[in-house]
Amino acid sequence: MATEVLPQRRGWTLHRPTATTGVWSWITTVDHKRIGILYGVTAFVMFLAGGVEALLLRVQLATPENNFISAETYNQLFTMHGTTMIFLVIMPLSAAFFNYFLPLQIGARDVAFPRLNAFSYWVFLAGGIFMYTSFFLGGAPNGGWFGYAPLNTEGGVLDVVRTHNMDFWVLGLIILGIASTVSAVNLLVTIINMRAPGMTFMRMPVFTWMTFVVQFLLVFALPIITVALFELLFDRLFGTNFFNVLNGGDPVLWQHLFWLFGHPEVYILILPAMGIVSEILPVFSRKPLFGYAVVVFSGIAIGFMGWGVWAHHMFAVGLGPVANSAFALSTMFIAVPTGVKIFNWLATMWGGDLRFKTPMLFAIGFVAMFTIGGLSGVTHAIVPHDTQQTDTYYIVAHFHYVLFGGAIFGLFGGAYFWWPKITGKLLNERIGKANFWLMFLGFNLTFAPFHILGLEGMARRTHTYPEGMGWDFWNMVSTVGAFLIAVSVAVFMWNVMRTRTKGEVAGDDPWDGRSLEWSISSPPPAHNFDEIPEVHEVDDFWHKKYAEDEHGRLAPAVAGGAGYGPSEAHAGGHGDGEHGGHEAIHMPSPSYYPAFTAIGFPLLAWGLIFSPALIVIGAAILLGGLYGWALEPSAE
Amino acid sequence: MLLALVLLLFTACTESAPQSTLEPEGPVARQQDDLFRPVFWIATAVFVFVEGLILLIVVKFRHREGRDAIPTQVHGNKRLELLWTIIPTVILAGIAVPTIGAIFNLSREPDPATRLDVTIIAHQWWWEVEYPEERVITANEIHIPTGRPVYFRLESRNQGAEIPVIHSFWVPKLGGKQDVVPGRIVHLTYEAEQPGTYLGQCAEFCGISHAYMRLRMIAHTPEDFEAWLENEGSRAATPDSGLAQRGFELFQSFPGGSCMACHAINGLDGAAARIGPDLTHFGSRETFAGAIADLTPEELRRWLDDPASVKPGAKMPDYGLSDEEIEALVAYLLSLE
């Protein structure tokens with residue numbers, strides 16, 4: 001493989017790779033679609049890791065006073081479960097869809113900065129690998145995904161015993177933050193500048209819109225957590241006193257910074273899934289999205305209001321009645337735009353011709369489950385009673401209904417929906433339905449009991465609980481449910497494997513889709529569009545296929561009206577896109593440097609923990625990579 | 001889901017859940033519960049409405065064989081959308097008013113003339129309890145009188161250079177939790193109506209033995225409480241014979257250390273350290289080690305033999321005491337009633 005890649009020696013550093021197949025082609029790719037696939041596969045592997053961690057936690061909690069794993073192991077696993085699912089699963093799975101479909105939906109040939117896009121992925125992968133090496137280098141992070149100081153300055157240089165668990169967490173999140181920030185800037189520029197002619201903002205698909213909102217949230221939220229992380233890092237590595245009360249530091253500072261990032265982060269996790277659901281429901285209802293503008297603006301409203309609710313994570317801290325009242329109000333009223341979205345989705349289905357394909361099941365599951373998470377969320381705003389709920393399993397129930405019943409259901413729906421576009425083959429419907437129902441059942445069995453456990457006083461983050469508290473039964477039910485979820489994920493993997501060999505060929509537009517990605521071949525050619533489409537309205541591709549009269553009745557458009565421009569000729573049977581004279585379309589060349597440069601970050605981080613020599617090597621790679629990047633020729 | 005919610009109410013009434021938030025036993029917890037219940041029912045109504053609507057839509061508008069006509073293309077309806085913006089807003093405003101009233105109501109300090117002041121100092125991983133006026137110090141088991149507001153002053157401290165961490169003080173049947181933030185002094189009011197034992201625990205993740213930082217609130221009638229307080233305020237008895245006397249000597253000095261380096265006993269000269277729990281009336285407690293172990297000779301033996309095996313991360317070292325020494329110390333400690 002490598003032999004065909006190695007260039008004639010002519011100054012290796014200033015040469016661009018040419019491999020189009022094999023491992024090197026993936027390492028050097030700058031194609032947004034391939035990067036999207038890399039994100040998706042990596043995030044799915046991390047999903048399995050986070051899932052195994054969850055199963056171990058559930059086994060430990062299945063019975064009272066269980067000794068399946070130790071307190072220390074339990075603390076490492078729940079910390080890594082939360083950190084993994086948020087930063088290494090839901091964010092990159094969303095990024096997989098952003099990368100693959102955002103350019104397709106706006107009619108672009110790639111993102112604005114293709115090499116930077118690859119760089120984001122490799123930095124993300126490096127950060128994930130770095131964090132997981134902690135298991136082999138002294139122990140995984142054990143202080144919770146929320147990393148509260150001053151607990152997490154324990155084991156720092158000021159402590160009696162130096163431990164590195166939370167060093168991995170802090171440095172890992174800093175690296176992942178770099179990946180997300182770079183990617184967010186890239187996608188913002190892409191959306192603002194690279195829309196096809198006629199694709200005004202209010203003609204963009206809702207998934208693209210939600211992507212747009214999320215990138216803004218990322219750009220503004222990540223600097224806040226980064227500041228907090230550096231403060232914690234300095235406390236740990238250099239003995240500063242940002243959070244050490246003995247020397248005048250303030251633990252509440254961490255909480256404000258963390259949640260000022262942490263709450264927008266919740267919307268960073270859920271808005272992409274809302275966007276996906278807003279794509280799926282219209283297609284399988286065969287109706288346009290009800291109140292497009294309202295859905296878009298409620299997404300924006302959620303994005304804005306998400307900045308004003310952070311202290312609802314801190315109602316038990318003692319901020320005083322005025323602050324608590326203010327944040328209670330903002331927390332209640334952020335439910336309004338969320339509720340509006342739910343009713344608009346229902347109205348989209350109302351009067352439709354509903355086809356319950358697997359993506360549709362996941363989308364409806366999303367609406368049903370997210371509603372429960374939203375309602376329990378409103379009860380958290382009742383501050384006096386929130387002091388009973390906070391840090392109990394009631395909260396754990398709430399956010400799993402939002403992030404699993406919401407985000408994960410939405411992302412699985414997206415996977416089933418777009419799988420045929422990405423691979424050219426349809427995932428099996430019967431297995432898909434089994435996958436959905438097993439997951440739906442397992443999910444509710446796992447997380448519904450948490451409501452009861454929480455209200456009956458079971459505190460979170462406890463590695464065990466005594467007998468006689470009335471918690472035994474529901475804990476056992478929950479553990480059974482968790483294994484059912486594991487079965488459903490195995491069914492999904494079976495479906496994927498089976499589809500590789502026996503999958504039904506999808507064709508360009510298997511669902512009778514509405515947005516531009518369905519107008520091109522499956523999988524799309526490297527250059528996406530033979531000719532950049534010109535857009536005239538929302539759901540432009542749909543309206544190419546169907547004409548609508550003034551009463552909203554549809555009829556198929558005049559024969560041959562589908563498709564865009566000259567590609568009709570190509571659809572007429574003149575070979576595939578590779579040979580249709582498209583060599584003239586200039587696509588960015590692959591590059592070694594994004595992946596190479598990314599290697600520098602984990603080396604720097606390991607160096608900060610273990611050895612200054614590694615810092616030097618990491619810095620040299622980073623610097624060398626950036627120079628090579630800047631100096632490499634624009635094309636081979 | 002619906003089933004789960006019904007079961008929620010069902011279990012709340014039947015199963016014994018000593019730490020349940022759903023069975024308030026004092027005015028603070030009751031006021032919080034009174035706020036939650038109507039909101040819970042409103043949420044249930046919305047839940048039934050939305051999920052019912054989903055089921056209705058799924059049945060009514062499902063694709064039927066042989067139907068090929070594309071449904072009418074409805075793009076939106078301003079009036080409807082306005083309606084489902086305004087109705088939730090009104091409902092939420094209705095919830096907001098009593099919520100804010102209760103926030104301010106519950107933040108009021110109880111009358112200093114009638115309340116009992118108790119100071120709680122959270123450590124990793126146990127609670128030090130101090131009755132400042134009565135000059136009584138105990139641990140993990142907090143005795144209070146019924147019918148009288150108890151005003152807790154909460155602090156977090158660790159020993160020496162150890163940086164104190166955040167804990168959260170919580171007895172669900174008496175009220176919601178209050179985080180104990182190092183460097184700040186915060187307050188919380190609880191009141192019990194009936195004598196009894198109310199379970200609680202630390203609710204903020206505070207390290208390896210977070211699950212083992214439990215506590216008990218023991219409410220007495222005012223007379224019983226006074227009697228308890230009087231006993232607690234008395235000096236510890238000094239055993240003058242037998243195994244307990246041997247334990248008394250070991251307590252002051254055993255090969256390799258002294259219990260007095262960390263533990264105080266009122267009535268024993270030189271035992272005034274406040275690193276570990278005060279042991280003056282240790283023998284009268286129900287539990288020890290963060291209220292996780294019953295105070296029995298077996299449990300106490302296990303603890304003295306290797307504290308960290310009972311409670312991971314316990315700050316008390318394993319002194320390698322011999323069985324004979326452990327027996328003597330157990331006899332002495334249990335004699336401290």
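The paragraphs below lead through a predicted model, beginning with chain A, passing to the contact between the chains, and ending with the sheets of chain B.

Chain A is made up of 20 helices and 4 strands. Taken along the principal axes, its C-alpha atoms fill a box of roughly 75 × 65 × 45 Å. Its radius of gyration is 25 Å, and because a compact globule with 636 residues would have a value near 26 Å, the two figures agree. Of the 636 residues in chain A, 59% are buried. When contacts in chain A are restricted to residues at least 6 apart in sequence, 82% of them join residues that are at least 24 apart.

The interior can be followed through the largest nonpolar core, which holds 286 residues and in which Val123(A), Ile175(A) and Val277(A) touch the most other members. Helix α4 of chain A, covering residues 71-105, supplies the largest share of this core, with 21 residues. Which residues does Val277(A) contact once its neighbours within four places in sequence are left aside? The partners of Val277(A) are Trp345(A), Ala363(A), Phe366(A), Val367(A), Gly410(A) and Gly413(A).

From here the path crosses to the other chain. The contact between the two chains draws on 84 residues from chain A and 79 residues from chain B. On the side of chain B that touches chain A, the elements giving two or more residues are α1 (2-14), α2 (27-60), α3 (78-106) and β7 (175-180) of chain B. The residues on that side of chain B divide into 47 nonpolar, 24 polar and 8 charged.

Chain B also contains an open sheet of 5 strands, whose order is β3-β2-β1-β5-β8 and whose pairing is mixed. Its edge strands are β3 (136-139) and β8 (186-190) of chain B, each of which pairs on one side only, and the twist averages 25° from one strand to the next. Within this sheet, strand β1 (residues 116-123) of chain B pairs with strand β5 (residues 150-156) of chain B in the parallel sense over 7 bridges, and Val118(B) stands opposite Phe152(B) in β5(B). The pairing of β1(B) with strand β2 (residues 126-131) of chain B is antiparallel, with 5 bridges, and here Trp126(B) in β2(B) is the bridge partner of His123(B). A hairpin joins these two strands, β1(B) and β2(B), through 2 residues.

The chain of pairings continues from β2(B) to β3(B), which run antiparallel and are joined by 4 bridges. In this pairing Glu130(B) has Ile137(B) in β3(B) as its bridge partner. These strands, β2(B) and β3(B), likewise form a hairpin, with 4 residues between them, and Arg135(B) in the turn has a positive phi of about 55°.

Another open sheet in chain B has 3 strands in the order β4-β10-β9, again with mixed pairing. Its edge strands, β4 (141-145) and β9 (196-201) of chain B, each pair on one side only, and its twist averages 25° from one strand to the next. Between β4(B) and strand β10 (residues 214-220) of chain B the pairing is parallel and extends over 5 bridges, with Ile142(B) opposite Met217(B) in β10(B). Helix α4 of chain B, residues 222-233, lies across β4 and β10 of chain B and runs at about 135° to β4(B).

Methods: Residues are numbered from 1 along each chain as its sequence is written. Chains are lettered from A and ligands numbered from 1 in the order in which they are written. This is a predicted model: local features need pLDDT of at least 70, side-chain atom pairs count only at pLDDT 80 or more; totals for chains, interfaces and linings use all residues. Two residues are in contact if their C-beta atoms, placed from the backbone, lie within 7 Å. Ala, Val, Leu, Ile, Met, Phe, Trp, Tyr, Cys and Pro count as nonpolar, Asp, Glu, Lys and Arg as charged, and the others, Gly among them, as polar. A nonpolar core is a set of buried Ala, Val, Leu, Ile, Met, Phe, Trp, Tyr and Cys residues joined through C-beta atoms within 7 Å. A residue is buried if 20 or more other C-beta atoms lie within 10 Å of its own, exposed if 12 or fewer, and partly exposed in between; C-beta atoms are placed from the backbone. Two strands pair if DSSP finds at least two bridges between them. Axes are lines fitted to C-alpha atoms, for helices over the stretch in contact, and angles run from 0 to 180 degrees between N-to-C directions. The radius of gyration is taken over C-alpha atoms; the globule rule is 2.2 Å times the number of residues to the power 0.38.
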